[in-house]
Amino acid sequence: MSAVTAPAERRYRRVVRASAGYDLVVTAGFATPWSYALVHAALSGLGDRLGLGALPALEPAQLLYANLMGSIVVVWSVLRLRRPSRRYGGYDGVARVLFALWQGWALAHGFSSVLWPFLLVEVAFAIAQLVPLARWRVRPGAGRAGSAEPAEAPEQRVLS
């Protein structure tokens, strides 16, 4: 059995919820072509005013990928808001490492510096969600061998 205390578990679930709430607020505008056009114009103008550089001109392929990413992240955010868990926090932490890598790559290749605050948040939430999991690893032979997640109730099936 894991030696994770109930208060530590509650704190971790709050971190998972906070990261989900952040994602929902930040990416909801990416989910539709109309809202992304507004977000793009706002970020580009902000970057230009602050001397961080404007975003590249909005093109159909960029719009498609922004909408796909926004749609998936909105759904993923709602799932984590409704069911925060170690499992979802771990997956989200890994996704944030990947997002941070690609954001860093874009910055290294001349993308607008307006991306820096988003990169810093990705790294912070990745650390906040992955470090506790590394500390909570279950000793072999205790509970479910090698599992960082306690047994959970099966997901409820929704019939339509």
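# Exercises on a five-helix model

The largest pocket has a volume of about 920 Å³. The model is predicted.

## Exercise 1. The pocket

Task: state how many residues line the largest pocket, which of them lie nearest its centre, and which elements give two or more residues to the lining.

Solution.
1. The lining of the largest pocket consists of 31 residues.
2. Nearest the centre are Phe30, Met69, Phe99, Gln103 and Leu115.
3. Two or more lining residues come from each of helix 1 (6-27), helix 2 (33-49), helix 3 (60-82), helix 4 (86-108) and helix 5 (116-135).
4. By residue class, the lining has 24 nonpolar, three polar and four charged residues.

## Exercise 2. The chain as a whole

Task: give the number of helices and strands in the protein chain, and their pattern along the sequence.

Solution.
1. The protein chain contains five helices and zero strands.
2. Along the sequence this reads α-α-α-α-α.
3. The chain has 160 residues, and 32% of them count as buried.
4. Take the contacts with a separation of 6 or more: 73% of them join residues 24 or more positions apart.

## Exercise 3. Aromatic pairs

Task: classify the pair Phe30 and Tyr36 and the pair Trp76 and Tyr88 by the geometry of their rings.

Solution.
1. A pair of aromatic rings is described by the distance of the centres and the angle of the planes.
2. The structure has four aromatic pairs.
3. For Phe30 and Tyr36, the centres are 5.0 Å apart and the planes make an angle of 40°, and the pair is tilted.
4. Phe30 is buried, because its relative accessibility is 16% and the cut-off for buried is under 20%.
5. Tyr36 has a relative accessible area of 6%, so Tyr36 is buried.
6. For Trp76 and Tyr88, the centres are 5.8 Å apart and the planes stand at 75°, so this pair is edge-to-face.
7. Trp76 belongs to helix 3 and Tyr88 to helix 4; the pair links distant parts of the chain, 12 residues apart.
8. Trp76 is partly exposed, because its relative accessible area is 23%.
9. Tyr88, with a relative accessible area of 15%, is buried.

## Exercise 4. Helix 2

Task: compare the expected span of helix 2 with the distance between its end C-alpha atoms, then list its buried residues and their packing partners.

Solution.
1. Helix 2 has 17 residues, so at 1.5 Å a residue the expected span is 24 Å.
2. The end C-alpha atoms of helix 2 are 24 Å apart, which agrees.
3. In helix 2 the buried residues are Tyr36, His40, Leu43, Ser44, Gly45 and Gly47.
4. These buried residues of helix 2 pack against helix 3 and helix 5.
5. Gly51 follows helix 2 and has a positive phi, near 75°.

## Exercise 5. Helix 5 and Gln129

Task: repeat the span check for helix 5, then describe the surroundings of Gln129.

Solution.
1. The 20 residues of helix 5 should span 28 Å at 1.5 Å a residue.
2. The end C-alpha atoms of helix 5 are 29 Å apart, which agrees.
3. Leu119, Glu122, Phe125, Ala126, Gln129, Pro132 and Leu133 are buried in helix 5.
4. The buried residues of helix 5 pack against helix 1 and helix 4.
5. Gln129 lies in helix 5 and is buried, because its relative accessible area is 0%.
6. Leaving out residues up to four places away in sequence, Gln129 touches Tyr12, Val15, Val16, Ser19, Gly89, Asp92, Gly93 and Arg96.

Methods: Residues numbered from 1 in each chain as written. Predicted model: local features only at pLDDT ≥ 70, side-chain atom pairs only at ≥ 80, totals over all residues. Heavy atoms only, no water. 1 Å grid on protein atoms, 1.4 Å probe; cavity = no way out; pocket = protein on both sides within 12 Å on 5 of 7 lines; lining within 4 Å. Points joined across faces, edges and corners; volume = space filled by probe spheres on them. Helix = DSSP H or I, 4+ residues; strand = E, 2+ residues; numbered from the N terminus. Nonpolar A, V, L, I, M, F, W, Y, C, P; charged D, E, K, R; others polar. Buried < 20%, exposed > 50% of the residue type's maximum accessible area, 1.4 Å probe, protein only. Contact = heavy atoms within 4.5 Å. Phe/Tyr/Trp six-rings, centres within 6.5 Å; stacked < 30°, edge-to-face > 60°. Expected span 1.5 Å × (residues − 1).
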